[in-house]
Amino acid sequence: MSARRNYMRLEFASRSENESFARVAVAAFVAQLDPTVEELAEIKTAVSEAVTNAIIHGYPDGEGLVAVTCTLDGDTVEIVVEDRGCGIEDVELARRPMYTSRPDLERSGMGFTIMESFSDRVDVISRPGEGTRVRMVKRLQSSAPTFD
Amino acid sequence: MNLAVEAVQVSGVVVARLRGELDHHTSEAVRECVDAALEEAGSPFLLWNLAELSFMDSSGLGVLLGRYRRISQQKGKMAVCGPTAPVRRLLELSGVLSIVPVYDDETTAIAALREA
């Protein structure tokens, strides 16, 4: 791992109490790159969306594990949120703005749209019955220059 | 829980004041509190005071839009006042700002809701 690279991994129960824990932990880790207040708010929101999806949609019928890994490389932040839950049948449909598979829960259907707006890149890999992996990449405009 | 919610009646308008972070975990408490206040007041006018809301994600949008739907059916009006920068950005991004008016403070918002 180069001097410019840093990495962390969290694993926690798919309980809604842990949504704030996850976004605050990622924000605290990313803080070492000196992001702007706005960039930090975007990262917290994107993490909250991905983790909430894992909790609500990944494990609708019980508790499982959610893993969040965050890699810092130069001025780039990569966040991966994974669950081993029920997976998404149709990823393209799930990513569509205003779509929700759970209208009964009064969801806005804006989760993926927000992740996409607040990151430079969002990749979703999902297999029904096996789980979902959401990878978000964001380049910080504000990041302090490195001299290596 | 890192969210405090109170809903009070001011001049026939239900004012929901939120402090802290509105996410999926805290959304149920807000829904319950605001729905109970609307029911008790029998008023279709709702103002969200978001001046002290430091964080909101799409679960919060779901709560706002859910109340908006209900209030619109009753021919009422809903408004927001004082959102912090990140919350305002989310309201903008989601299109909520094109259907719900935003005011600087409670007094202005209540006056506007009563006039409408």
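The exercises below concern a predicted model with a chain A and a chain B.

**Exercise 1.** Describe the extent of the contact between chain A and chain B.

*Solution.* Start with the residues: chain A contributes 24 and chain B contributes 22. Next take the area. The two chains bury about 1800 Å² between them, with 52% of it on carbon and sulfur atoms. Then look for the main contributors on chain A. Arg23(A), Glu106(A) and Ser108(A) supply 29% of the area that chain A buries against chain B, more than any other three residues.

**Exercise 2.** Decide whether Asp23(B) and Arg23(A) form a salt bridge, then place the pair in the interface.

*Solution.* The cut-off is 4 Å between a side-chain nitrogen of Lys or Arg and a carboxyl oxygen of Asp or Glu. The closest N and O atoms of Asp23(B) and Arg23(A) are 2.9 Å apart, and the two residues form a salt bridge. Between chain A and chain B the count is five salt bridges. Polar contact across this interface is found for 14 residue pairs. On chain A, the elements giving two or more residues to the side that touches chain B are H1 (18-30), H2 (37-58) and H4 (111-118). The largest share, 10 residues, comes from H2(A).

**Exercise 3.** Work out the strand order of the sheet in chain A and find its edges.

*Solution.* The order of the five strands is E1-E2-E3-E5-E4, in an open sheet with antiparallel pairing. E1 (5-13) and E4 (121-127) of chain A each pair on one side only, which makes them the edge strands. Inside the sheet, E2(A) and E3(A) pair over eight bridges. Thr71(A) has Glu78(A) in E3(A) as its bridge partner. Finally, add a helix: H1(A) packs on the sheet and touches E1, E2 and E3 of chain A.

Definitions and conventions:
Residues are numbered from 1 along each chain as its sequence is written. Chains are lettered from A and ligands numbered from 1 in the order in which they are written. This is a predicted model: local features need pLDDT of at least 70, side-chain atom pairs count only at pLDDT 80 or more; totals for chains, interfaces and linings use all residues. Side-chain values use heavy atoms; hydrogens and water are left out. Contact means heavy atoms within 4.5 Å. Buried area is the accessible area (1.4 Å probe) that two parts lose on being put together, summed over both. A polar contact is a pair of N or O atoms within 3.5 Å; within protein, one must be able to donate a hydrogen and the other to accept it, and residues adjacent in sequence count only if both atoms are side-chain atoms. Helices (H or I, at least four residues) and strands (E, at least two) are DSSP runs, numbered from the N terminus. Two strands pair if DSSP finds at least two bridges between them. Axes are lines fitted to C-alpha atoms, for helices over the stretch in contact, and angles run from 0 to 180 degrees between N-to-C directions.
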